[in-house]
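Work through the exercises below with the sequence and the coordinates side by side, and try each task before reading its solution.

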Amino acid sequence: MSRARCLTFVVVGIIILSWEILCRVFHVPAFILPSPARIMYTAVVQAPLLSSNTAVTALEILAGIFVALSVAFPLATVMFAKPAVEHALAPFLVASQAIPV
């Protein structure tokens, strides 16, 4: 393993260890910032519920990507082929990018 990759693992480990220690020392409530140990415990205990919800979420993500690409590719093709369509739609596309989600 390269030195940079080892350094990355060490830094991530230090961050997680610091997080755990700070949560315990300052008695941070779990609803504000759960410790890494609590997160892992909950992930193991709630695995059946989390896995079913994960499957639904993954399906929704894939459906959203499919819909987005189904609209984006034809629209981009038409906008490239017809500059008048691009000029008509450009303000709406720029405005849509300025709206925070």
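**Exercise 1.** Find which residues make the nonpolar surface patch of about 460 Å², and place Ile14 in its helix.

*Solution.* The patch is made by Leu7, Val10, Val11, Ile14 and Ile15, where a patch takes residues with over 30% relative accessible area and no salt bridge, joining nonpolar side chains (Val, Leu, Ile, Met, Phe, Trp, Tyr) within 5 Å and like charges within 9 Å. Areas come from the Shrake-Rupley method with a 1.4 Å probe, and for residues only the protein chains shown count as cover. Ile14 lies in helix 1, residues 3–25, helices being DSSP runs (H or I, at least four residues) numbered from the N terminus. The model is predicted, so local features need pLDDT of at least 70 and side-chain atom pairs count only at pLDDT 80 or more, while totals for chains, interfaces and linings use all residues. Residues are numbered from 1 along each chain as its sequence is written, and side-chain values use heavy atoms, leaving out hydrogens and water.

**Exercise 2.** Compare the span of helix 1 with its expected value, then do this for helix 4 and locate its bend.

*Solution.* The expected span is 1.5 Å times one less than the number of residues. For the 23 residues of helix 1 this gives 33 Å, and the end C-alpha atoms, 32 Å apart, agree with it. Helix 4 (residues 83–98) has 16 residues and reaches 23 Å from first to last C-alpha, close to the expected 22 Å. Helix 4 nevertheless bends by about 40° at leucine 89, with proline 91 following within four residues; the bend is the angle between axes fitted to the seven residues ending at a residue and the seven starting there.

**Exercise 3.** Which side chains meet in a salt bridge, and how exposed is each of them?

*Solution.* The structure holds one salt bridge, defined as a side-chain nitrogen of Lys or Arg within 4 Å of a carboxyl oxygen of Asp or Glu. Arginine 24 and glutamate 20 form this contact at 2.6 Å, N to O. Because they are four residues apart in helix 1, about one helical turn separates them. Arginine 24 is exposed at 55% relative accessible area, whereas glutamate 20 is buried at 12% (buried is under 20%, exposed over 50%, partly exposed in between).

**Exercise 4.** Where is histidine 27 placed, and what is the sign of its phi?

*Solution.* Histidine 27 sits in the loop between helix 1 and helix 2 (36–45), and its phi is positive, near 50°. Most residues other than glycine have a negative phi. Histidine 27 counts as exposed at 67% relative accessibility.

Technical notes
Helix = DSSP H or I, 4+ residues; strand = E, 2+ residues; numbered from the N terminus. Buried < 20%, exposed > 50% of the residue type's maximum accessible area, 1.4 Å probe, protein only.
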